[in-house]
Amino acid sequence: MALDQSFVGRTYPPTEPYEVGREKIREFAEAVGDTNPAYTDQEAAKALGHPDVIAPPTFVFSITFRAAGQVVEDPQLGLDYSRVVHGDQKFAYSRPVRAGDRLTVTSTIESIKSLAGNDVLDIRGEVHDEAGEHVVTAWTKLVARAAEEA
């Protein structure tokens, strides 16, 4: 069954703050094979003008995807997560994510489309730091595959 179009524009409450740690950044950089020293060495990051190590660009996915869980788990939306695949991801940064940041995410449903029986859900996550300054916007596209005919 197609998702309810009236959910387009619905915004969910901000998440609790997520504190970005140096070790989490290092682990993520190692996991994705990125050896940029700004991700692991404070002095290298400072030489580039950052107050501490910075995170690789896709690091924020783990934070924004967790926040999108509010949308996915909304019983009124009726999304069958067992049929969902990740369709796409985009980021637009105001500044890099840094160790020590305390970040919150506010998720909004930007669009719901039905294509060939599949529901396509676009979620925008606005990430702000503790001072309320914008850090990054992340767009997540989820595709709920059509149920197979019996």
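This note walks through the sheet, its hairpins, the helix packed on it and the buried cores of a predicted model.

1. The centre of the description is an open sheet of five strands, whose order is β1-β3-β4-β5-β2 and whose pairing is antiparallel. At its edges stand β1 (18-19) and β2 (84-93), each of which pairs on one side only. Helix α3, made of residues 61-72, packs on this sheet and touches β1, β2, β3, β4 and β5 (134-144), while its direction makes about 55° with that of β3.

2. Strand β3 (residues 102-115) and strand β4 (residues 118-128) run antiparallel and are joined by 11 bridges. Two pairs help to locate this match in the structure: S107 stands opposite G125 in β4, and I112 has L121 of β4 as its bridge partner. The two strands form a hairpin with two residues between them, and in the turn A116 has a positive phi of about 55°.

3. On to the next pair in the sheet: β4 and β5 are paired in the antiparallel sense over 10 bridges, with V120 standing opposite V143 in β5. These strands also form a hairpin, here with five residues between them, and G132 in the turn has a positive phi of about 90°.

4. How many of the 11 residues of β4 are buried? Eight of them are, so β4 is largely enclosed by the rest of the structure.

5. The largest nonpolar core has 21 residues, of which V20, I25, F59, I63, V97, L103 and V127 touch the most other members. Two or more residues are given to this core by each of α1 (22-31), α3, β3 and β5. For a reader who wishes to follow one member, V127 touches V60, T64, L103, T104, V105, E133, H134, V135 and V136, when residues up to four places away in sequence are not counted.

6. A second, separate core holds 15 residues, including F7, L77, I112 and L121. Of these, I112 and L121 were met above as bridge partners, with L121 in β4. As a general background to both cores, nonpolar side chains in soluble globular proteins tend to be buried together.

7. A last place to look is D74, which lies in the loop between α3 and β2. Is D74 buried or exposed? Its relative accessibility is 10%, and because residues under 20% count as buried, D74 falls in that class. Leaving aside residues up to four places away in sequence, D74 touches F7, R10 and Y12, and F7 is itself among the members of the second core.

Note on methods
Residues numbered from 1 in each chain as written. Predicted model: local features only at pLDDT ≥ 70, side-chain atom pairs only at ≥ 80, totals over all residues. Heavy atoms only, no water. Pairing = 2+ DSSP bridges. Helix = DSSP H or I, 4+ residues; strand = E, 2+ residues; numbered from the N terminus. Contact = heavy atoms within 4.5 Å. Axes fitted to C-alpha atoms, helices over the stretch in contact; angles between N-to-C directions. Buried < 20%, exposed > 50% of the residue type's maximum accessible area, 1.4 Å probe, protein only. Core = buried A, V, L, I, M, F, W, Y, C linked by side-chain atoms within 4.5 Å.
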